[in-house]
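Trainee: I would like to learn how to read a protein model one feature at a time. Could you take me through this one slowly?

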Amino acid sequence: MSERITVFDIEVLNGDPASVCSIGIVELLDQQIVNTYYSLIRPKNLSFDVYRYNVHHIRIQDLKKAPSFKEVWQEIAVYFDHRLVVSHDVQGDMAALRAAMKRNKIAYPSLQMSCTNVLAHLLEPQLEKYSVTDLCQYYGIPMAQAHHALADAQACANILIKLLEKAHMPS
């Protein structure tokens, strides 16, 4: 039986954990990318954070006309409910996602989680660095743009595929 896996990445606008401002999703089926999704998200707290802006370059003016988290969640809930959900920093990404869901009074989906950072540490203990960029370089995976939610999700999905191949595990 084939299992669909959701690989995702989010960016947050500021120090408010619920300030999710973009999400990228890659859906895997049998270790193949079958669907992608990207959206900017207008968080309720639009305060500016220079540090985070210097990471993802998402401008407040780009978010003013973006859909709200509730609107985006209506489109993406299917990728999270009853799925294996993977991120490169699953604790951080899920904490922000949970905070946004709580703020918007959205029920938390039933899901399982995994983390390519943790898996890479287990399967590639000889490496010195485990960032998405470092793992892409190690595995020869092209990376479009670091800290763009969809590009990071695509890179993470390809890292997951390499890790599953190394472990000889079907998805």
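Trainee: Is Asp16 buried or exposed?

Mentor: Bear in mind that this is a predicted model. Asp16 counts as buried because its relative accessible area is 12%, and the cut-off for that word is under 20%. As to its place in the chain, Asp16 sits in the loop between β1 and β2, and, leaving aside its neighbours within four places in sequence, it is in contact with Asn45 and Arg103.

Trainee: Which residues touch the most other members of the largest nonpolar core?

Mentor: That core has 24 residues, and the ones touching the most other members are Phe8, Ile23, Ile76 and Phe80. Two or more residues each come from β1, β2, α3, α4 and β5, with α4 giving the largest share, 6 residues. If you follow Phe80 outward, not counting residues up to four places away in sequence, you find that it touches residues including Phe8, Ile23, Trp73 and Leu97. There is also a second, separate core of 13 residues, with Val7, Val26, Ala153 and Leu164 among them.

Trainee: And how are two packed helices described?

Mentor: In general, one gives the angle between their axes and the distance between the axes. Here, the axes of α5 (residues 116-123) and α7 (residues 149-166) come within 10 Å and cross at roughly 35 degrees, and the crossing is left-handed.

Trainee: Which residues of α5 meet α7?

Mentor: Thr116, Leu119, Ala120 and Leu123 do so, facing Cys156, Ile159, Leu160, Leu163 and Lys166 in α7. Sorted by class, this contact has 7 nonpolar, 1 polar and 1 charged residues.

Terms used:
Residues are numbered from 1 along each chain as its sequence is written. This is a predicted model: local features need pLDDT of at least 70, side-chain atom pairs count only at pLDDT 80 or more; totals for chains, interfaces and linings use all residues. Side-chain values use heavy atoms; hydrogens and water are left out. A nonpolar core is a set of buried Ala, Val, Leu, Ile, Met, Phe, Trp, Tyr and Cys residues joined through side-chain atoms within 4.5 Å. Buried means under 20% relative accessible area, exposed over 50%, partly exposed in between (1.4 Å probe, protein chains only). Helices (H or I, at least four residues) and strands (E, at least two) are DSSP runs, numbered from the N terminus. Contact means heavy atoms within 4.5 Å. Axes are lines fitted to C-alpha atoms, for helices over the stretch in contact, and angles run from 0 to 180 degrees between N-to-C directions. A crossing is left-handed if the near helix is turned anticlockwise from the far one by less than a right angle, and right-handed if clockwise. Ala, Val, Leu, Ile, Met, Phe, Trp, Tyr, Cys and Pro count as nonpolar, Asp, Glu, Lys and Arg as charged, and the others, Gly among them, as polar.
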